[in-house]
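Trainee: I have a new structure to read. Can we go through it together?
Mentor: Gladly. Ask away.

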Amino acid sequence: MLFRCNILALVGGGPDPQYPPNKVMIWDDHQSRCIGELSFRSEVRSVRLRRDRIVVVLEQKIFVYNFADLKLLHQIETIANPKGLCAVSQGVGSLVLVCPGLQKGQVRVEHYASKRTKFIMAHDSRIVCFALSQDGQLLATASSKGTLVRIFNTVDGSLLQEVRRGADRAEIYSLAFSSNAQWLAVSSDKGTVHVFSLKINGGSPGIDRSQSASDPVTSPHSSLSFIKGVLPKYFSSEWSVAQFRLVEGSQYIVAFGHQKNTVVILGIDGRPLTKV
């Protein structure tokens, strides 16, 4: 859905699809009809919408179209991407697009306003999940290990912060920034949602997010972090400031609500949860 309006992008799926799985149908729910379609040689893995762009993700290629006339603007080749991983900035202004690169653990950042491409080696393992802040300046990534989440500056590719979900492996289902990029929420197959405090400030190029001094919150560290040069990296990790326990084994996606400090959690079984 394009935000909360009447325009939807539909892709067929399941054993008896309404539409072919290699087509994207642009549906106008006010007119109750398709107003456009895009066809491809292979199955569509995911679609991302902005008011000015349609981004279609295939197994190893991404296509960027102008929304008004469906004109193809850009093609990007990626490593095998069966989950259709892709993120686009949603803030008013220039488009920032993030997708897998051509190597394991690498992400590619496209800044369309400046016509710059940035490659970031985010992890040693395969990338399984990432998210952009609304303005596209911050990128959070997680690998197949699922223990660490890293936050990068998309302008220069620098690592700004690293937080720890846990010590054991997990499958990360979703990542989400709050609207002001003060918080980062993470859901996984462990039946937990973690919320981390982000320490982003004006020290990095293109970033200006100094947190209000009247409400300082920092992610907890291990009590042994003062000897981090001797003990393993685990003991100097930043941990979540809040956790929500859910039913383990079910898949959840997470987002931040319109009300201040509210997390919205949606289970694959349709159960909505709101946590404050």
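Trainee: What is the order of the strands in the open sheet of four strands?
Mentor: Remember that this is a predicted model. The pairing in this open sheet is antiparallel. Its four strands follow the order β8-β9-β10-β11.

Trainee: Which strands stand at the edges of that sheet?
Mentor: Look for a single partner strand. Such a strand has one side left without a neighbour in the sheet, so it stands at an edge. That holds for β8 (87–88) and β11 (116–121).

Trainee: In β10, what is the bridge partner of Val 96?
Mentor: Strand β9 covers residues 96–100, and strand β10 covers residues 106–111. The two run antiparallel, joined by five bridges. The partner of Val 96 is His 111.

Trainee: How many of the six residues in strand β2 are buried?
Mentor: Strand β2 spans residues 23–28 and is mostly covered. β1 pairs with β2 over four bridges, in the antiparallel sense. β2 is also joined to β3, by six bridges. Of the six residues in β2, the number buried is five.

Trainee: Which residue in the turn between β2 and β3 has a positive phi?
Mentor: β2 and β3 form a hairpin, with four residues between them. One residue in the turn has a phi of about 55 degrees. That residue is Ser 32.

Trainee: Where does pLDDT stay under 50?
Mentor: The mean pLDDT of the protein chain is 87. Where pLDDT is low, the predicted coordinates should not be read in detail. The stretch under 50 is residues 210–214.

Methods: Residues are numbered from 1 along each chain as its sequence is written. This is a predicted model: local features need pLDDT of at least 70, side-chain atom pairs count only at pLDDT 80 or more; totals for chains, interfaces and linings use all residues. Side-chain values use heavy atoms; hydrogens and water are left out. pLDDT is the predictor's confidence in each residue, from 0 to 100. Contact means heavy atoms within 4.5 Å. Two strands pair if DSSP finds at least two bridges between them. Buried means under 20% relative accessible area, exposed over 50%, partly exposed in between (1.4 Å probe, protein chains only).
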